[in-house]
Amino acid sequence: MTAITATRTDSLLRMAMRVDAICVGLTGIALLAAAGWFSEYTGLAKPVEYGIGIFSVGYGVVVFALAAIERVRPAGVGTVIANALCTVIALVAVFTMSLTTAGVVIVIAAGIYTAVMAEWQYVGGRRIAA
C-alpha cells in the first residue's frame, strides 16, 4: 500500500514572503549604505532615505521570520496589506514630493514592485484552506 502525502498548499505564500523579505532587506541595506548619494539622485531628503532603509531592513527580517511560522496565512494577510499600503504611499509620494526624474521612476518602480508582491502573496494566501 502506498501512503498518500498531503501537498503543502502554503508553499507559494511562504516563497513569496521570503523573496519579498530578501529583496526588501537587501535594498534597505544598500539604501543605508548610499543614502547621501541616493538622496541627491532621487530628490528625497536624506532622513527619508535613512528611514526607508531602516524600515526596509526591519521589514525584511520580520517577514522572513514570519514566513517560517506554522500558520502562515495571517502573516501573509499582513504582508499583503503592508505591500498594498506601500503601493499607495509610492503613488502619494510621486504626486506630492519634489522628486527628480530618476526619483519619480524609482518610486513608481517601487510601487509596482510592492503591488506585484501584494498580488503574489494574495494568490499564495488564497491557495491555503481557511
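**Entry 1: overall layout**

I began with the secondary structure and counted 5 helices and 0 strands in the chain. I note at the outset that this is a predicted model. Read from the N terminus, the elements run α-α-α-α-α. I then looked up the extent of the chain: its C-alpha atoms fill a box of roughly 65 × 25 × 20 Å along the principal axes.

I next looked up burial and found that 35% of the 130 residues are buried. For the accessible surface I recorded about 7900 Å², with 74% of that belonging to carbon and sulfur atoms. I also checked how contacts are spread along the sequence. Of the contacts between residues at least 6 apart, 75% join residues at least 24 apart.

**Entry 2: aromatic residues**

I searched for aromatic pairs and found 3 in the structure. I examined W37 and F38, whose ring centres are 6.1 Å apart; their planes stand at 45°, so I entered this pair as tilted. The pair of W37 and Y41 is stacked, with 5.0 Å from centre to centre and 10° between the planes.

Where do W37 and Y41 lie? I located both in helix α2, which covers residues 35-42. The two are 4 residues apart there, about one turn of the helix. I recorded that W37, F38 and Y41 form one aromatic cluster.

I then asked whether W37 is buried or exposed. Its relative accessibility is 54%, and W37 counts as exposed because the cut-off for that class is over 50%. Y41, at 40% relative accessibility, counts as partly exposed.

**Entry 3: the nonpolar patch**

I turned to the surface and found a nonpolar patch of about 390 Å², made by I22, L26, I29 and F64. Which helix gives the most to the patch? I found that helix α1, residues 11-33, does so with 3 residues.

I looked up F64 separately and placed it in helix α3, residues 46-66. F64 has a relative accessibility of 40%, so I listed it as partly exposed.

**Entry 4: Q121 and its surroundings**

I selected Q121, which is found in helix α5, residues 101-126. Is Q121 buried or exposed? Its relative accessible area is 1%, and I therefore entered Q121 as buried.

I next asked which side chain is joined to that of Q121 by a polar contact of 2.9 Å. I found the side chain of N83 as its partner. Leaving aside residues up to four places away in sequence, I listed what Q121 touches: L13, A16, M17, D20, T79, V80 and N83.

**Entry 5: V80**

I followed the contact list of Q121 to V80, one of the residues it touches. V80 lies in helix α4, residues 73-96. I looked up its relative accessible area, which is 17%; V80 is buried, because the limit for that class is under 20%.

What does V80 touch? Again without residues up to four places away in sequence, I noted A118, Q121 and Y122. I finally compared the position of V80 with that of S11, 69 residues away along the chain, and found their C-alpha atoms separated by 16 Å.

Key: Residues numbered from 1 in each chain as written. Predicted model: local features only at pLDDT ≥ 70, side-chain atom pairs only at ≥ 80, totals over all residues. Heavy atoms only, no water. Phe/Tyr/Trp six-rings, centres within 6.5 Å; stacked < 30°, edge-to-face > 60°. Buried < 20%, exposed > 50% of the residue type's maximum accessible area, 1.4 Å probe, protein only. Polar contact = N/O pair within 3.5 Å; in protein donor to acceptor, adjacent residues only side chain to side chain. Contact = heavy atoms within 4.5 Å. Patch = residues over 30% accessible without salt bridge, like charges linked within 9 Å, V, L, I, M, F, W, Y side chains within 5 Å. Areas by Shrake-Rupley, 256 points an atom, 1.4 Å probe, with all protein chains shown as cover. Salt bridge = Lys/Arg side-chain N within 4 Å of Asp/Glu carboxyl O.
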